[in-house]
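Student: I should like to learn how to read a structure such as this one. Could we take its features one at a time?

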Amino acid sequence: MATTRQRTRSRPPRSAGRRRKRRAGRSAGQRNAVVVLSVVTVIAIAYLLFFSSLLGVSAVEVSGLHRLSEASVLRKAGVAKGTPLLRVDTAAAERRIAELPEVAAVTVGRSLPSTITIDVVERVPLAYLKGTGGAQLVDRTGKAFHRVDKPPKNLPELRLTRPRPADPATKAAMAVLDGMPEKLREQVRVIQAGSPDDVQFTLAGGERVRWGSARQGAVKAQVLAALLSQPGTVYDVSSPELPTVR
């Protein structure tokens, strides 16, 4: 009997159990309220970011322009002011801007809270093609990208049968021009190529240089610099080990 009474006394009062249940119920309710509040907050933030004009585009900043106008870049970007910043498809905007012939590379980004940034890298002219009513600037890849009224005095004329980036002769001529020392390139007035192994150019003084292929460009430039000290009209460095002057 003593053992039974001891066991009975060791049981907690019923009121203590009810208090624990009430506390557990309150804790569960608080947790549920926190979860609901968190969900509502996430939904509200998502709405502000993706649907509300409060965080919409208010400015589009363009940098890196030289020949292109800002208006032409903005038209291609197609970013409407007021569009929620995170809903702007920056990759699609980059593809559209890259369609402009003058663009070599472009990056479109977001700057919180409400700005779209467009960083343009324009093509750099290395030569020009004569045409009716002016000339077309050509970059190192052989792409004609911009029309001008008059041929630039500081660039050589590119004379080729089929000038285009995929043409092997065009690639060779532009590789030779791009790889030669700047001091020599400044003297070149006309560059041409009948084939990838037959690049030739004319210097400001009227001298003709037979360069050959684009291989061994650095060696050929050194040999040519030495040869130009000798009188002549045709300088052949296509085989730099056996150069000739005529």
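Tutor: Let us begin with a single residue. At 13% relative accessibility, T115 counts as buried, because the cut-off for that word is under 20%. T115 is found in strand β3. Please keep in mind throughout that this is a predicted model.

Student: Which residues does T115 touch, apart from those up to four places away in sequence?

Tutor: The residues that T115 touches are A59, E61, L85, G109 and R110.

Student: How confident is the predictor, and where does pLDDT stay under 50?

Tutor: The chain has a mean pLDDT of 87, and 78% of its residues reach 70 or more. Over residues 1–5, pLDDT stays under 50, and the model has 0 contacts there beyond four places in sequence.

Student: How many helices and strands does the chain have, and what share of its residues is buried?

Tutor: There are 7 helices and 12 strands in the chain. Of its 246 residues, 34% are buried. One may also ask how far apart in sequence the contacting residues lie. Among contacts in the chain with a separation of 6 or more, 42% are between residues 24 or more positions apart.

Student: How should one read a nonpolar core, and which residues have the most contacts inside the largest one?

Tutor: The general idea is that nonpolar side chains tend to be buried together in soluble globular proteins. In this structure, the largest nonpolar core has 28 residues, and those with the most contacts inside it are L158, L177, I191, F201, V209, W211 and L224. Two or more residues of this core come from each of β4, α5, β8 (188–193), β9 (199–203), β10 (208–212) and α7 (217–227). Helix α5 gives the most, with 6 residues.

Student: Which residues are in contact with L158, leaving aside its neighbours within four places in sequence?

Tutor: L158 is in contact with A127, Y128, L129, V138, A173, M174 and I191. There is also a second, separate core of 18 residues, which includes V57, L85, A93 and I118. L85 and A93 deserve a second look: L85 was listed above among the residues touched by T115, and A93 is one of the buried residues of helix α4.

Student: Which are the buried residues of α4, and why do they lie on the same side of the helix?

Tutor: The buried residues of α4 (residues 90–98) are T90, A92, A93 and I97. They are on the same side of α4 because they cover an arc of only 160° around the axis. The cover over these buried residues includes α3 (70–77), β2 (103–111) and β3.

Student: What is found at the start of α4?

Tutor: At that point a side-chain oxygen of D89 comes to within 3.3 Å of the backbone nitrogen of A91.

Student: Let us turn to charged pairs. How many salt bridges are found in the whole structure?

Tutor: The search finds 5 salt bridges. One of them joins D139 and R123, with the closest N and O atoms 2.8 Å apart. The pair links distant parts of the chain: D139 is in the loop between β5 (134–138) and β6 (144–148), while R123 is in the loop between β3 (115–122) and β4 (127–131), 16 residues apart.

Student: Are D139 and R123 buried or exposed?

Tutor: D139 is buried, with a relative accessible area of 4%. R123 is buried as well, with a relative accessible area of 17%.

Student: Which salt bridge does R140 form?

Tutor: The side chains of R140 and D178 meet in a salt bridge, at 2.9 Å from N to O. This pair also links distant parts of the chain, 38 residues apart: D178 lies in helix α5 (residues 168–179), and R140 in the loop between β5 and β6. R140 is exposed, with a relative accessible area of 53%, whereas D178 counts as partly exposed at 31% relative accessibility.

Student: What about the salt bridge between R159 and E157?

Tutor: Their side chains meet at 3.2 Å, N to O. E157 is buried, with a relative accessible area of 9%, but R159 counts as partly exposed at 42% relative accessibility.

Student: Finally, where is T132, and is this residue buried or exposed?

Tutor: T132 is in the loop between β4 and β5. T132 is exposed, with a relative accessible area of 78%. The C-alpha atoms of T132 and D149 are separated by 9.6 Å, and the two residues are 17 residues apart along the chain.

Conventions:
Residues are numbered from 1 along each chain as its sequence is written. This is a predicted model: local features need pLDDT of at least 70, side-chain atom pairs count only at pLDDT 80 or more; totals for chains, interfaces and linings use all residues. Side-chain values use heavy atoms; hydrogens and water are left out. A salt bridge is a side-chain nitrogen of Lys or Arg within 4 Å of a carboxyl oxygen of Asp or Glu. Helices (H or I, at least four residues) and strands (E, at least two) are DSSP runs, numbered from the N terminus. Buried means under 20% relative accessible area, exposed over 50%, partly exposed in between (1.4 Å probe, protein chains only). The arc is that of the directions from the helix axis to the C-beta atoms. Contact means heavy atoms within 4.5 Å. A polar contact is a pair of N or O atoms within 3.5 Å; within protein, one must be able to donate a hydrogen and the other to accept it, and residues adjacent in sequence count only if both atoms are side-chain atoms. A nonpolar core is a set of buried Ala, Val, Leu, Ile, Met, Phe, Trp, Tyr and Cys residues joined through side-chain atoms within 4.5 Å. pLDDT is the predictor's confidence in each residue, from 0 to 100.
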